[in-house]
Amino acid sequence: MNSSELADKVAASSDLPKGKVKPVIDALFAAIADAAARGDDVSITGFGKFKVKATAARTARHVQTGEPIHVPASRKVSFAPSQALKDRVAG
């Protein structure tokens, strides 16, 4: 499902026009992305938690040549689903 299809579903279930729903969905995703860029976690009750994780710099090996490669430190976003979402997906 893409964001347009998501907007269609939300519009149909909320009796709002898609033109009003789409900007709200876009703003929601932008707010989550902004929080992640600041390093903040975003928790949505009943759905899950978006967490920002820091990875340390490390030395890895090139698979074909075996030469050491420097991998810089970075931050990554992960998602941990809530128990309610896990139960719903499991059926």
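How much area does the protein chain expose, and what share of it do carbon and sulfur atoms supply? The protein chain exposes about 6,900 Å², and 58% of that comes from carbon and sulfur atoms (Shrake-Rupley method with a 1.4 Å probe; for residues, only the protein chains shown count as cover).

A quick note before the views: this is a predicted model, where local features need pLDDT of at least 70, side-chain atom pairs count only at pLDDT 80 or more, and totals for chains, interfaces and linings use all residues. Residues are numbered from 1 along each chain as its sequence is written, and side-chain values use heavy atoms, with hydrogens and water left out.

**View 1. The whole chain, element by element.** Here you have 3 helices and 5 strands (DSSP runs numbered from the N terminus: helices are H or I with at least four residues, strands are E with at least two). Starting at the N terminus, the order is α-α-β-β-β-β-β-α. The radius of gyration is 19 Å, well over the 12 Å that the globule rule gives for 91 residues, so the chain is more spread out than a compact globule (taken over C-alpha atoms; the rule is 2.2 Å times the number of residues to the power 0.38). Along the principal axes, the C-alpha atoms fill a box of roughly 60 × 30 × 30 Å. Just 13% of the 91 residues are buried (buried is under 20% relative accessible area, exposed over 50%, partly exposed in between; 1.4 Å probe, protein chains only).

**View 2. The largest pocket and its lining.** About 260 Å³ of space lies in here (a volume is the space filled by probe spheres set on grid points, which are joined across faces, edges and corners). A pocket is an open set of points on a 1 Å grid over the protein atoms alone, where a 1.4 Å probe fits, with protein on both sides within 12 Å along at least five of seven lines; lining residues have an atom within 4 Å of a point. Look for L6, I25, L28, F29, I32, I44, F47 and F50 around it. Helix α2 (residues 18–38) gives the largest share of that lining, 4 residues. The lining has 8 nonpolar residues, no polar and no charged ones (Ala, Val, Leu, Ile, Met, Phe, Trp, Tyr, Cys and Pro are nonpolar; Asp, Glu, Lys and Arg charged; the others, Gly among them, polar).

**View 3. A80 and its contacts.** A80 sits in strand β5 (residues 74–81) and is partly exposed, at 26% relative accessible area. Leaving aside residues up to four places away in sequence, A80 touches G48, K49 and K51 (contact means heavy atoms within 4.5 Å).

**View 4. Helix α3 and G91.** Among the 8 residues of α3 (residues 83–90), the buried count is 0. G91 follows, with a positive phi near 90 degrees.
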